[in-house]
Amino acid sequence: MTANAPSIAAGPPVPVKDAEAGSRRDARNDRLFRGAMLLCALVVLLALVGAAGGTLWEGRLAFKAFGWHFFTSTSWDVNGGKFGALMPILGTLVTSLVAIVIAVPVSFGIAMFLTEVAPRWMRAPVGTAIELLAGIPSIIYGMWGFFVFMPIMSEHVQPWLINHLGDGTNEAGKATGLGLSFFSGAPIGMGLLTAGIVLAVMIVPFISSVMREVFLTVPSRLKESAYALGSTRWEVLWDIVLPYTRTAVIGGVFLGLGRALGETMAVTFVIGNSHDVPNSLMSPGTSIAATIANEFNEASDPLHRSSLIALAFVLFMVTFTVLAIAKLMLRRLASREGN
Amino acid sequence: MDARDGIAATRVAERMYRRRSFTNAIALGFAGIATLLGLFFLSWILWTTIQRGSSAIHPAIFRKMTLEGGLLNAIVGTVLLSFMGIAIATPIGVAAGTYLSEYAKLRKFGEAIRFLNDILLSAPSIVLGMFVYTLIVMPAHSSSALAGGVALALIALPVIVRTSDEMLRLVPGAMREAALSLGVPQWKVTVQVLYRSALPGITTGVLLALARIAGETAPLLFTAASNFYWSVNPTKPIASLPVAVFNFASQADDAQIALAWAGALLITLFVLLLSVLARGILLRNKVAHE
């Protein structure tokens with residue numbers, strides 16, 4: 001009840017000097033904290049730059065020895081010390097292309113089913129199941145491809161393809177197929193086509209989940225207007241949803257392509273691992289990742305080793321480009337959504 | 001208007017309508033078949049793994065080393081490697097996510113890092129393994145468990161960065177402002193308020209990252225390499241389930257192939273269990289928020 005009533009406030013009053021020191025300390029800690037966070041964010045950048053720089057540097061032996069011929073030569077002769085990357089690069093592109101050709105329509109169908117066709121209660125569980133497919137480790141795809149799928153390819157699928165599309169002949173020696181060289185050859189099961197199909201199974205969940213997400217961003221007033229005019233579901237999807245999301249859909253396809261290009265284990269099991277020039281989709285071949293996985297631990301010659309690391313650099317640059325395109329296209333939709 | 005003209009026009013409209021319905025039916029049928037195809041392959045692959053794996057799993061594989069036809073050292077190796085990967089990637093990833101969400105939300109620099117992080121997320125794992133090979137294995141002249149852990153950390157990192165960033169951005173701005181207005185320094189706000197609020201989401205990210213790296217084979221081939229004996233030494237090569245499965249599956253011997261399927265089943269079960277768990281946490285958290 002006396003003059004010192006104001007000091008009732010909890011505890012003794014803090015001297016001004018201490019409070020200033022405290023806030024200076026806080027400011028310093030904040031700066032330190034922020035710096036530490038920034039450093040960690042830079043690790044992401046360093047990982048990418050390091051992956052490119054490290055593989056380029058250790059691949060310098062091969063780049064120096066072969067120059068541009070590294071990209072144009074088909075000979076991969078471990079004993080003769082000649083390494084050309086054309087076959088692995090070609091194999092990577094062909095298998096990924098086969099995968100994309102199969103996976104894009106299927107993913108589109110799945111995304112359509114999950115956004116426009118299926119009854120509401122079915123969408124979440126089916127969507128989750130398809131996404132589980134993306135969670136299965138790639139080595140499981142490889143083993144399944146090798147032990148289960150490859151025999152089916154060589155006994156049923158490839159003979160059919162050869163007889164109907166390729167250079168198949170009947171008992172009388174008359175051609176039964178269309179003679180397409182892509183589908184000619186011997187039905188040995190392993191090869192570019194089988195690898196492409198296994199890759200397709202792997203990337204379908206990635207592409208379809210991107211497509212589903214972007215389809216869901218289409219404003220419902222657009223779709224409802226079309227329905228009100230009497231459009232069918234297919235017309236709404238093809239004429240309204242797809243034009244609205246075109247860039248992002250292509251981005252999703254590129255994302256799947258990026259995955260397919262860099263996939264190692266699934267491909268290594270089924271591609272056949274041959275550096276010979278393939279003459280059809282049935283031929284065994286090799287991809288960049290499969291070549292590295294197969295040969296690196298046995299590569300004792302420095303030039304061989306360096307060539308494999310150089311291949312890793314090539315793969316990194318190709319996938320980086322493809323993924324960058326994918327991300328840029330996906331982002332365009334995101335920014336429009338923000339508007 | 002002439003009555004006949006009217007009838008003809010109706011017929012044309014009807015024909016058009018029928019054609020449109022037909023196209024629609026084909027498209028809907030195709031969508032259904034595509035989905036069935038996806039589900040068919042999923043169950044086919046899972047069924048193969050379960051069938052062949054479960055007939056090969058018996059108690060002895062948990063007691064013997066890979067050299068003696070068991071998987072014990074590979075299982076322990078995978079646990080160790082995954083733990084190392086997560087232990088390295090989690091603090092860095094959460095911190096990077098914090099930077100993106102709290103300090104560089106809309107800045108160009110933050111956008112650039114986010115962009116690169118998304119690319120790292122899909123970068124070929126074998127190239128990241130090769131990078132760690134040039135970074136750690138070549139200077140040390142030996143593959144090692146540590147190198148394997150770093151390679152796995154590089155794969156886990158972008159997953160954790162992305163989920164942390166997203167989960168922290170979901171924390172309402174009012175919470176930050178309330179804490180800041182009490183005079184709490186920003187780092188304390190982040191550590192004591194934001195992390196606590198975003199914890200379930202960040203945990204989900206870490207679990208998803210774990211599910212991703214536990215089944216990775218390619219980045220381990222030349223970093224952790226393989227080992228047929230017991231080893232927990234971080235500077236020595238170490239066995240791991242995926243690499244052991246890869247080695248066994250390439251043999252011609254039926255017993256070894258069976259062992260590969262047993263390992264494949266263990267990996268698949270572990271990975272699927274983790275992703276279901278992660279989804280469960282995310283879902284429960286979402287329900288709690290609503």
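Which elements of chain A each supply at least two residues of the lining of the second largest cavity? They're α5 (120-135) and α7 (192-215). Keep in mind that this is a predicted model. Here's a quick tour of the hollows in it, starting with the enclosed ones: a search of the whole structure turns up 3 cavities of 30 Å³ or more.

**The second largest cavity**
- This one has a volume of about 40 Å³.
- Its lining is made up of L114(A), G127(A), I130(A), E131(A), P205(A), S208(A), S209(A) and R212(A).
- α7(A) gives the largest share of that lining, with 4 residues.
- Sorted by class, the lining has 3 nonpolar, 3 polar and 2 charged residues.

**The largest cavity**
- Over in chain B, the residues around the largest cavity are T66(B), S226(B), N227(B), F228(B), A239(B), S240(B), V243(B), A244(B), N247(B) and F248(B).
- The space inside comes to about 50 Å³.
- You'll find 5 nonpolar and 5 polar residues in this lining, but no charged ones.

**The second largest pocket**
- Moving on to pockets, the second largest holds about 360 Å³ of space.
- It is lined by 19 residues, and those closest to its centre are T268(A), N294(A), F246(B), N247(B) and S250(B).
- Both chains chip in here: α10 (265-270) and α11 (288-295) of chain A, plus α8 (241-249) of chain B, are the elements giving two or more residues to the lining.
- The largest share, 4 residues, comes from α8(B).
- As for class, the pocket lining has 9 nonpolar, 9 polar and 1 charged residues.
- One residue to look out for is N247(B), which lines the largest cavity and is also among the residues closest to the centre of this pocket.

How values were computed. Residues are numbered from 1 along each chain as its sequence is written. Chains are lettered from A and ligands numbered from 1 in the order in which they are written. This is a predicted model: local features need pLDDT of at least 70, side-chain atom pairs count only at pLDDT 80 or more; totals for chains, interfaces and linings use all residues. Side-chain values use heavy atoms; hydrogens and water are left out. On a 1 Å grid over the protein atoms alone, a cavity is a set of points where a 1.4 Å probe fits but cannot get out, and a pocket is an open set with protein on both sides within 12 Å along at least five of seven lines; lining residues have an atom within 4 Å of a point. Grid points are joined across faces, edges and corners, and a volume is the space filled by probe spheres set on the points. Ala, Val, Leu, Ile, Met, Phe, Trp, Tyr, Cys and Pro count as nonpolar, Asp, Glu, Lys and Arg as charged, and the others, Gly among them, as polar.
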